[in-house]
Amino acid sequence: MGQSIRDSIVNIKKELPSNVNLVAVSKFHPVEKIQEAYDAGHRIFGESRPQEFEAKVKELPSDIEWHFIGHLQRNKVKMVLPYAHLVESVDSVRILNRINSWAEDNDKIINVLLEVHVADEKTKFGFSRAEVMDIFDNHLDEYKNVNFCGLMAMATNTDDENHIREEFAAVRDFHKEISEKHPELCNFKELSIGMSGDYKIAIDYSSTLVRIGTKIFGVREY
Ligand SMILES: *Cc1c(COP(=O)(O)O)cnc(C)c1O
């Protein structure tokens with residue numbers, strides 16, 4: 001028997017250091033469950049599909065801080081960018097360019113994390129480290145309407161804890177390398193690593209945002 005959404009949130013938050021924020025990943029779960037988490041005092045939620053994201057934003061209280069965490073296609077940005085406090089999953093130059101031009105047209109600054117690919121799985125989206133560094137070394141002035149807030153990454157889905165540690169350490173070190181090389185990125189503070197299965201490990205590697213779905217809302221039915 002599972003614990004309630006409220007209990008799960010309270011218990012997870014007890015485990016998190018004060019500098020680590022919980023993103024409750026509510027994708028595939030109905031608004032009633034999100035409302036339950038909201039009523040327990042939680043305010044930061046993550047969604048991964050544009051249509052579902054937009055529909056939920058419109059149904060739920062306006063003081064929720066919505067994070068977009070899924071793959072975003074260029075023709076879907078208008079469903080996401082007007083409402084997202086943070087787009088955590090910017091995974092290509094093409095979408096980054098589109099976000100910047102949408103933001104320019106709409107007179108906005110969009111907060112983003114660049115998603116870095118470190119896991120073994122070929123299917124996971126994300127930039128290579130070289131691609132990220134190229135953006136910051138050579139193209140930063142092209143993104144006047146983007147606020148680079150940090151990095152997001154997913155570790156390999158494995159029981160091999162040492163392997164997960166290696167991947168998280170690599171992302172943490174890369175985040176540090178960028179911050180040191182580019183002090184002009186004054187908001188580059190966030191490191192979004194850690195999910196239901198590995199967030200306790202991620203805390204050891206300077207995570208500032210853990211994205212937790214299953215452990216709060218239960219198993220998703222796709
Ligand atoms: C679904 C998802 C999560 C949450 O995964 P859980 O294992 O259910 O905690 C975190 N991050 C991203 C990018 C996701 O798509």
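# Asking how we know: helices, salt bridges and a buried Asp

Visitor: What makes the side chains of Asp-173 and Arg-172 a salt bridge?

Guide: In this predicted model, the side chains of Asp-173 and Arg-172 meet at 3.2 Å, N to O. The cut-off is a nitrogen of Lys or Arg within 4 Å of a carboxyl oxygen of Asp or Glu, so the pair counts as a salt bridge.

Visitor: Why is Asp-173 called partly exposed?

Guide: Its relative accessible area is 43%. Buried means under 20% and exposed means over 50%, so a value in between is called partly exposed. Arg-172, at 28% relative accessibility, counts as partly exposed too.

Visitor: Where does Asp-173 sit?

Guide: Asp-173 lies in helix H7, residues 161-181. Its C-alpha is 9.0 Å from that of Tyr-205, although 32 residues separate the two along the chain.

Visitor: How do you know that H7 has the span expected of a helix?

Guide: H7 has 21 residues and reaches 30 Å from its first C-alpha to its last, close to the 30 Å expected at 1.5 Å a residue. At its N-terminal end, Asp-160 acts as a cap, with a side-chain oxygen 3.2 Å from the backbone nitrogen of Asn-162.

Visitor: Which parts of the structure do the buried residues of H7 pack against?

Guide: Those buried residues, among them Phe-168, Val-171 and Phe-174, pack against S5, H6, S6, strand S7 and helix H8.

Visitor: What makes Lys-176 and Glu-180 a salt bridge?

Guide: Their closest N and O atoms are 3.5 Å apart. The limit is 4 Å, so they qualify. Both lie in H7, 4 residues apart, about one turn of the helix. Glu-180 is exposed, at 57% relative accessibility.

Visitor: Which residues are joined into one network by salt bridges that share partners?

Guide: Glu-47, Arg-49, Glu-52 and Lys-56 are joined in that way. Within this network, the side chains of Glu-52 and Lys-56 meet at 2.7 Å, N to O. These two are 4 residues apart in helix H3, about one helical turn, and both are buried. The count for the model comes to 11 salt bridges.

Visitor: How do you know that the buried residues of H5 line one face of the helix?

Guide: The buried residues of H5 are Ile-95, Leu-96, Ile-99, Asn-100, Trp-102 and Ala-103. Seen down the axis of H5, they fall within an arc of 165°, so they line one face. The face turned away from them carries the exposed residues Arg-94, Glu-104 and Asp-105. The cover over the buried residues includes helix H4 and strand S4.

Visitor: What about the buried residues of H2?

Guide: They are Val-31, Ile-34, Ala-37 and Tyr-38. Seen down the axis of H2, they fall within an arc of 115°, so they too line one face of their helix. Just after H2, Gly-41 takes a positive phi of about 100°.

Visitor: How do you know that Asp-91 has no salt bridge?

Guide: Asp-91 is buried, and the nearest side chain of opposite charge, Arg-94, is 8.5 Å away. A salt bridge needs the atoms within 4 Å, so this pair does not count.

Visitor: What joins the side chains of Asp-91 and His-71?

Guide: A polar contact of 2.7 Å joins them. The cut-off is 3.5 Å, so that distance falls inside it. Asp-91 lies in the loop between S4 and H5, where it also touches other residues, including Glu-115 and Phe-125.

Notes
Residues numbered from 1 in each chain as written. Predicted model: local features only at pLDDT ≥ 70, side-chain atom pairs only at ≥ 80, totals over all residues. Heavy atoms only, no water. Buried < 20%, exposed > 50% of the residue type's maximum accessible area, 1.4 Å probe, protein only. Arc of directions from axis to C-beta. Contact = heavy atoms within 4.5 Å. Lys, Arg positive; Asp, Glu negative; His and termini not counted. Polar contact = N/O pair within 3.5 Å; in protein donor to acceptor, adjacent residues only side chain to side chain. Expected span 1.5 Å × (residues − 1). Lists of a residue's contacts leave out its neighbours within four places in sequence.
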